[in-house]
Amino acid sequence: MRSKEDYLKSLSDGRRVMYRGKYVSNIVEHPVLKISALHASKLFEYPERLYDDSKYGKISKYFKVPKTSQDLLDRHKLVYNTTIFCNGIFNISQAIGSDALFSLMITTKKLDKKYGKDYHSRVMKYYDYVVKNDLTLATAQTDVKGDRSKRPSKQPDPDLYVRVVDVRSDGIVVRGAKAHTTQAAVADEIIVIPTRAMGEEDKDYAIAFAVPANTPGLKMIVRPIDEIEGNSSSVLSVKDYELETLTIFDNVFVPWDRVFLFKEYEYAGTLARLFATYHRFTAISYRAAMANLYLGSAILSAEANGISNEKHVRDDIIDMILYKEILRMSAIASSVYPEIDEEIAIPNYIFTNIGKLYTNTHFHEVVKDLIDIAGGIISTLPSEEDLKSDEGEVINKYLRGAIDGKERIEILKFVKEIAGSSSLVGYWLTTMIHAEGSIEASKIELFRNYDFNESKELVKKIISS
């Protein structure tokens, strides 16, 4: 298994990564992007990352294929605990890629049975490669989509969904772009899967494959990290953050042994839905852990302000407890009542989407509750430069609360970053609605899978008797 140093060294492989209009020659040495790389590398330092596999020996727990409820419970705990280990920031490095691999294992087995293909053996060969080399993975699913009212094949520009543009004896050539691909710029491999169900007219877009991050023609444009740049009082983001990229496939060649779906359009939706379910299970697991950032800050802020015993403060804190524990309960229930398909355990569709929908619609309330407790000072707090100036002691004097001013200011700086006037909270308010699937996507999946028969039959029994 790789070390932190092995992983960081592997990022100097000629990958094409652009940040603020310039290509980055060495991510690990870049003053901003290196923080994301170091965050990813923390996974290799997590003391309980490995387990003894009967086939491979010691491997990452993220690559353990879930077969039972206990396997899913263990996976929930792994995501939760590694998020805590990384300062409350999810470490996606092997989580999202393994979500995709499990989904591919199930989908390709079904496809091969119907068409007599060998996709499943390709997936398992790739899985073997990933596991043995302890690789990090990014998953590129969300196409840029263009005009949302039109299907992939009806777009004014055919490249607005990733598609096959050439078929060769040794593989395929693809073109297009995927949006907000988390940690792609610091991953070893990029797994690409469909974003939606496809019709026959969209078959050129019904593709799944994997490529190394340094593949010719692959370009990654990293979002601006505003939560660090220009923010001298940043506390959390200077330690941990995850980047996203606009991931462009400019005539990228993919050899056949890395192609896992090729124009079998009727399986695009199956793969997309399976991945979404695993991914949302991962989401509610890491978001439950992330909630500790808000709950802990609320308790400390209340103590610093001398308002711990106020009713409205207790009500705000109860809201945060509900948020955290409803997510954790959803993940546990999803594990205890899984669906088994092709001998692989899938988190329960209903409980997973209930938890995901709850976090989508209630995260902003958690932010509001913390603002309510901490007070408006988080938006008018003097700058880091002011605090370090000759007037620093005066500022400490006037910003004391129930505790020393300097100690209270450290708490307020942290709260400002996660709930006040900072780029980080603006970023999170968006991602908590759209990451791992939008509100509407969870509603559709919940309505599609919910069994209404019990409710209907109860009422029918009453009115017919």
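These legends walk through close-up views of a predicted model.

**View 1. Helix H12, end to end.** Helix H12 covers residues 405–419. At 1.5 Å a residue, its 15 residues should span 21 Å, and the end C-alpha atoms sit 20 Å apart, which agrees. Look just ahead of the helix for Asp404, which caps the N-terminal end of H12. A side-chain oxygen of Asp404 lies 3.0 Å from the backbone nitrogen of Lys406.

**View 2. What surrounds helix H12.** H12 is mostly covered, with 12 of its 15 residues buried. Among them are Ile409, Ile411, Leu412, Phe414, Val415 and Ile418. Don't skip the charged names, though: Arg408, Lys413, Lys416 and Glu417 of H12 are buried too. The buried residues pack against helix H6 (268–305), helix H8 (349–374) and helix H13 (423–434). They also pack against helix H9 (377–380), helix H10 (384–387) and helix H11 (392–398).

**View 3. An open sheet of 4 strands.** Reading across, the strand order is E5-E8-E9-E12, and the pairing is mixed. Strand E5 (137–140) and strand E12 (259–262) are at the edges with a single partner strand each, so one side of each has no neighbour in the sheet. From one strand to the next, the twist averages 20°. Helix H5 (residues 119–133) packs on this sheet and touches E5, E8, E9 and E12. The direction of H5 makes about 150° with that of E12.

**View 4. Zooming in on strands E8 and E9.** Strand E8 (residues 189–192) and strand E9 (residues 207–212) run antiparallel, joined by 4 bridges. To find your bearings, start at Ile191, whose bridge partner in E9 is Ala210.

**View 5. Strand E7 and its two antiparallel partners.** Strand E7 spans residues 171–182, and 10 of its 12 residues are buried, so the rest of the structure largely encloses it. Strand E6 (residues 163–168) runs antiparallel to E7, with 5 bridges between them. A hairpin takes the chain from E6 to E7 through 2 residues. One pair to pick out is Val167 with its bridge partner Ile172 in E7. Strand E11 (residues 244–255) is also antiparallel to E7, and 9 bridges join the two. Here, Thr181 has Thr245 of E11 as its bridge partner.

**View 6. The stretch marked as a domain in UniProt.** An unreviewed UniProt entry places "domain: HpaB/PvcC/4-BUDH N-terminal" at residues 4–261. Over residues 4–261 the chain is 27% helix and 26% strand. The end C-alpha atoms of that stretch are 33 Å apart.

Definitions and conventions:
Residues numbered from 1 in each chain as written. Predicted model: local features only at pLDDT ≥ 70, side-chain atom pairs only at ≥ 80, totals over all residues. Heavy atoms only, no water. Expected span 1.5 Å × (residues − 1). Buried < 20%, exposed > 50% of the residue type's maximum accessible area, 1.4 Å probe, protein only. Contact = heavy atoms within 4.5 Å. Polar contact = N/O pair within 3.5 Å; in protein donor to acceptor, adjacent residues only side chain to side chain. Pairing = 2+ DSSP bridges. Axes fitted to C-alpha atoms, helices over the stretch in contact; angles between N-to-C directions. UniProt positions renumbered as here; feature names shortened; annotations may be inferred.
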